[in-house]
Amino acid sequence: MRGLWGRVWQRRTPFVVLMAVVGIAGAVLVTGDSGGGHLAANRAQLRKACDGTLPYRDLERLVRDERPAELAQHGTVLAPGQQSRSLLDCSLSWGDGHGVTVHAEALVSDVPQPVRTRDLLEPAGGHGTFVAPGTTGQYGKWGAWLVADCLGGLGGRVRPTTDLYVTARVTDGADGADGADGADGTDGATAANGKPGRATALLGFRTAVHVANALTKAQHCGSGPLMTPTAVLDTDETHGAPGRGLRKCEWIDGSSLPGVASGTWTTLGDLQESTGLSACAGEWDAEKNAGERPRPKEWQITEVDAASWSGVLGRSAYNSYEREGHVPGWGAQQDKRPSEADAGSDTRQEDRVSAYSGRPQLALWARSVCGGRTTYHRVAVFPEIRLEDGETAVISGKDRARLSTAARTVLDRYLDAEDGWPASADCRDTTVLGEVEQWH
């Protein structure tokens with residue numbers, strides 16, 4: 001019997017070893033698969049999440065297999081009877097920093113983003129961000145944001161509105177903290193300074209546009225879809241200064257613009273190519289004029305800017321300036337504004353400008369109808385003033401009148417420029433609203 005069992009064991013040993021190996025391999029496979037197997041379900045969920053508004057082809061590569069996706073969503077497009085400020089609030093996460101968050105609302109108040117002149121020309125406090133030409137918006141703190149029209153009116157709110165606001169933020173698991181791709185804003189995800197990479201910004205804009213188009217179609221807005229962006233531009237001047245020398249800003253020319261310092265001027269324009277807003281600025285170029293032109297005298301104009309905002313953007317910009325007291329009708333100086341007849345005289349009393357008043361400027365506001373929408377225009381002229389901390393400069397009545405004349409000239413030139421934004425927007429029925437002395 002012992003011999004028989006011995007022979008049987010010998011004959012079965014290869015089989016037992018084989019089963020043991022298979023068992024070990026099976027255990028490894030099961031262990032490795034215990035956290036996976038969710039790719040198909042997660043992709044299917046991507047197609048349906050956020051009321052089916054997400055761009056599947058753009059986001060598919062972010063979907064992970066390791067765990068089930070986490071979805072949180074609400075809004076009036078999902079539950080028409082729901083009391084919510086949002087048409088859609090939706091967040092879809094696949095773990096390890098991979099996910100997408102979108103927000104859409106019908107605007108009944110101002111655009112929740114800064115849209116003043118300098119916000120358009122020097123976004124992110126001058127540190128730059130990304131814009132997608134043809135899309136009204138920028139890449140901000142919460143991702144890409146945009147404003148779109150819904151001429152037929154957006155449902156789901158008691159107060160009717162024709163303006164849609166959408167944000168979209170896409171993350172792919174990289175934070176750029178190690179200075180890898182994206183640290184210079186050219187690729188990758190978010191850099192250590194909080195600025196996204198170019199690819200991340202583009203994906204955010206494409207998602208926002210896709211969501212906006214899906215909602216305006218479902219809401220029967222009557223307006224065509226937004227163009228899906230294929231590229232973004234970095235507004236940071238260290239990346240080639242793409243906003244310099246734009247054709248729409250060529251009307252700012254020291255040789256042909258009366259009332260400003262003569263010489264070479266450098267211009268800068270926003271890059272959104274929007275039908276709802278535009279901005280241009282020009283500055284006397286000290287470097288290029290060195291040795292060619294004398295330094296401008298005090299109170300000569302060395303900088304100008306001009307901007308326009310239509311519809312809800314106009315209301316938002318005007319209200320933003322109004323909160324600072326920088327619209328016509330505010331301040332004790334308004335009743336002393338010179339008339340056009342006085343512009344060439346010295347009837348105005350002298351005034352004082354403090355070094356603590358920021359960048360002193362005289363602004364002039366106007367209102368038009370552009371593309372069928374109420375539009376606000378604001379131009380500003382900046383005089384040459386040399387002040388040390390705590391000092392006060394005195395502007396004579398004659399110099400003040402010259403500023404007024406120059407501001408009106410800048411406004412007229414801006415509105416009439418053949419290649420300027422007002423001409424392209426078919427602006428008409430313009431009313432000059434008044435001046436604002438921004439040095440008090």
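In the predicted model, Glu303 is buried, with a relative accessible area of 11%. Its value falls in the buried class because that class covers residues under 20%. The side chain of Glu303 meets that of Arg118 in a salt bridge, with an N to O distance of 2.5 Å. The two residues belong to distant parts of the chain: Glu303 is in strand β11, which spans residues 301–310, while Arg118 is in helix α4, which spans residues 117–121. Along the sequence, 185 residues separate the partners. Arg118 has a relative accessible area of 27% and is therefore classed as partly exposed, whereas Glu303 is buried.

The contact between Glu303 and Arg118 also has a wider setting. Both residues take part in a network of salt bridges that links Arg118, Glu122, Glu303, Asp305, Arg359 and Arg378. In total, the structure holds 22 salt bridges.

Another salt bridge joins Asp419 and Arg247, whose closest N and O atoms are 3.2 Å apart. Asp419 is located in the loop between α8 (397–416) and α9 (421–424), and Arg247 in the loop between β8 and β9, so the pair ties together parts of the chain that are 172 residues apart in sequence. The strands that flank the loop of Arg247 are β8, at residues 233–234, and β9, at residues 265–269. The C-alpha atoms of Arg247 and Asp419 are separated by 6.6 Å. With a relative accessibility of 59%, Arg247 counts as exposed, because the cut-off for this class is over 50%. Asp419 has a relative accessible area of 35% and is partly exposed.

A further salt bridge is formed by the side chains of Glu437 and Arg400, at 2.7 Å from N to O. Here too the pair links distant parts of the chain, with Glu437 in strand β16 (residues 427–438) and Arg400 in helix α8. These partners are 37 residues apart. Both Glu437 and Arg400 are buried.

The three pairs can be set side by side by exposure. In the pair of Glu437 and Arg400, both residues are buried. In the pair of Glu303 and Arg118, Glu303 is buried and Arg118 is partly exposed. In the pair of Asp419 and Arg247, Asp419 is partly exposed and Arg247 is exposed.

Note on methods. Residues are numbered from 1 along each chain as its sequence is written. This is a predicted model: local features need pLDDT of at least 70, side-chain atom pairs count only at pLDDT 80 or more; totals for chains, interfaces and linings use all residues. Side-chain values use heavy atoms; hydrogens and water are left out. Helices (H or I, at least four residues) and strands (E, at least two) are DSSP runs, numbered from the N terminus. Buried means under 20% relative accessible area, exposed over 50%, partly exposed in between (1.4 Å probe, protein chains only). A salt bridge is a side-chain nitrogen of Lys or Arg within 4 Å of a carboxyl oxygen of Asp or Glu.
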